[in-house]
Amino acid sequence: MPLSKKRIYEIARELGVSSKELIKKLEEMGMPGLKAANSVDEEESALIVHLFEEETAAADKPTAKTEPDVESVEKPVVVTKQAPKKTAKPKRKPASTHGSVRPPIVSVLGHIDHGKTTLLDAIRESHLASKEAGGITQGIAAYQAELNGQKITFIDTPGHKAFTGMRARGAQVTDIAILVVAADDGVMAQTVEAIDHIKAADVPIIVAINKIDKANADVSKVISDLAQHGLLPEAWGGDTISVEVSALERKNIDELLEMILLVAEMADLRADPKNPVEATIIESHLATGQGPVATVVVRDGTLRVKDWAVAGAAQGRVKALLDPSGNRVNEALPGEAVSILGFCDLPEVGTQIEVTKNQGQAKKLAQQYQRDQRPQAAPRARTLDDLFAQKEETAKLKVILKAASTGGLEAARREIAALDVEGVELDILVSGVGGISESDIVLASTVNEECLAIGFGVSADPKALKLAEREGIPVLLYDIIYHLVDEIESALKRQLGPAYEERAMGTVEVRNLFKAPSGMIAGCYVADGRVERRGLVRVIRNNTEMFTGEIASLRRFEDDVREVQSGRECGIRIRDFNDIQIGDRLQVFVLEEVER
């Protein structure tokens with residue numbers, strides 16, 4: 001009969017410690033490589049519990065004030081049943097040192113019809129942190145779930161556009177991203193797009209394999225598809241946490257929430273209600289009778305009614321705060337989401353809130369924001385050459401690639417990846433099937449390096465083109481893949497400038513020296529080839545290169561000349577070099593431009 005399995009985080013919970021603390025202790029005891037979501041059998045679980053209790057009991061044994069008795073040290077330590085309970089308590093630093101643990105902020109992304117909405121509904125119905133009458137207020141873009149007394153804040157965003165739109169303004173709102181993949185459908189185009197956006201945001205990812213209740217569900221195929229996109233689940237020895245769920249049947253929802261709390265615990269998310277407010281607008285709209293309404297998530301500090309708040313160009317006094325159930329609250333603590341009433345204008349999604357002391361200071365900051373934004377309205381670049389002209393060092397180029405089919409996409413990826421131009425770092429940030437969308441341009445505008453969007457056999461949405469022009473993101477559309485490759489390669493080469501190749505012209509012997517007001521002149525004999533005034537010269541002494549530079553003047557007798565042929569004498573002055581000596585040998589050469 002197979003032994004039952006138990007995960008490391010479950011063992012930690014039984015011992016009354018955090019997963020991080022247990023894993024660290026196991027590493028110290030010679031058991032490295034374990035992760036919180038790893039499963040072990042009953043025997044291994046019992047061994048871990050025994051070793052941990054024995055180790056902590058020994059570590060917490062009181063130290064005598066006098067010198068220890070040798071005999072007592074050599075005696076075995078006796079561990080009573082009460083000892084583990086006493087010694088296994090968490091040994092965390094006081095909350096005041098690094099603030100207190102705050103609820104994780106979670107975004108849910110995935111392909112259309114893979115069950116994102118159903119999953120959020122399942123969590124809402126059974127795990128709402130607040131169960132007061134009124135339910136979820138229409139238009140509120142966030143809510144809190146609760147499991148075993150621990151809260152999780154979910155941001156209900158309308159897809160990738162909002163997810164990246166906040167990043168476009170420098171906001172890092174999400175702590176954890178949930179990727180929903182249907183077990184009966186597998187990884188699809190929007191799934192890949194979601195993976196790219198999550199990776200670009202650089203946040204931990206948990207995969208929710210949904211619809212396992214379907215007759216044609218194929219979890220193994222989903223795992224295989226995910227592995228091809230760099231998400232190797234722990235079941236296959238990777239680092240990606242995955243949970244099999246059925247949102248429709250409310251199956252394994254608790255396990256998914258446990259994994260969220262586990263990842264949050266490992267990230268050690270902390271905040272201090274006494275800190276300055278750190279909050280971000282995640283949704284805003286005009287409401288009849290209320291005016292501008294903005295939904296915010298508080299990451300740190302405390303937002304209160306009557307605070308003077310600034311969000312970009314919008315400012316005002318907080319007249320009311322509404323929790324996700326529509327109830328009025330006096331304050332919002334770290335990890336909480338609330339709607340704000342009181343802004344004079346509609347704030348933009350992604351702008352961060354700053355609390356000021358008074359109205360005058362709030363207006364001043366809002367006006368300063370407007371002034372700072374004006375210069376950014378001008379386009380940064382419209383073509384590849386415009387884009388590269390702004391780069392003075394090694395070119396770093398991010399590419400968003402879209403194609404009409406998976407076959408065309410793979411061909412385009414292969415050709416672009418094969419481009420090898422010295423001094424240029426080329427990286428495909430996002431690739432997918434379909435036209436270039438507004439979401440693609442939003443993502444392009446968030447990256448630090450220069451970025452462009454390429455479409456192969458597809459068009460660009462008019463809104464995307466308009467946004468691209470405003471943000472200075474070049475959009476290149478092609479029907480023939482060779483044209484795409486040729487233009488990118490040419491642009492990359494133009495960025496690096498011309499390449500030069502050295503061509504030898506002649507060899508000269510220094511036989512005499514003459515002092516002149518302009519510098520030392522070498523009396524030379526052209527032993528081989530010829531010397532040209534436009535040439536460069538390399539000074540060789542005892543087979544060692546002494547100097548390389550330009551010919552400042554070339555004379556034959558009293559006349560300046562353009563060249564001197566082999567077998568003739570001449571006078572040569574080398575620019576910025578007077579340490580020429582009789583017996584030196586001069587190698588004359590030119591640099592000729594060659595095609596890269």
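**Figure 1. Overview of the protein chain in the predicted model.** Residues 24 or more positions apart supply 72% of the contacts (heavy atoms within 4.5 Å) that have a separation of 6 or more. Buried residues (under 20% relative accessible area, with exposed over 50% and partly exposed in between; 1.4 Å probe, protein chains only) make up 47% of the 596 residues. The chain holds 17 helices and 31 strands. Both are DSSP runs numbered from the N terminus: helices are H or I with at least four residues, strands E with at least two. This is a predicted model, in which local features need pLDDT of at least 70, side-chain atom pairs count only at pLDDT 80 or more, and totals for chains, interfaces and linings use all residues. Residues are numbered from 1 along each chain as its sequence is written, and side-chain values use heavy atoms, with hydrogens and water left out.

**Figure 2. An open sheet of 6 strands.** The strand order is 5-6-4-7-8-9, with mixed pairing. Two strands pair if DSSP finds at least two bridges between them. Strand 5 (142-147) and strand 9 (241-244) are the edges; each has a single partner strand, so one side of each lacks a neighbour in the sheet. From one strand to the next, the twist averages 30°. Strand 8 (residues 205-210) and strand 9 run parallel, joined by 4 bridges. I209 has E244 of strand 9 as its bridge partner.

**Figure 3. Helices packed on the sheet.** Helix 9 (residues 189-201) touches strand 4 (105-110), strand 7 (176-182) and strand 8. Its direction makes about 165° with that of strand 7. Helix 11 (residues 253-267) lies across strands 4, 5, 6, 7, 8 and 9. It runs at about 95° to strand 6 (150-155). Axes are lines fitted to C-alpha atoms, for helices over the stretch in contact; angles run from 0 to 180 degrees between N-to-C directions.

**Figure 4. Surroundings of D175.** D175 sits in the loop between helix 8 (160-168) and strand 7. D175 counts as buried because its relative accessibility is 8%. Its side chain makes a polar contact of 3.2 Å with that of R299. Such a contact is a pair of N or O atoms within 3.5 Å; within protein, one must be able to donate a hydrogen and the other to accept it, and residues adjacent in sequence count only if both atoms are side-chain atoms. Leaving out residues up to four places away in sequence, D175 touches R102, P103, P104, I105, V203, P204, L269 and R299.
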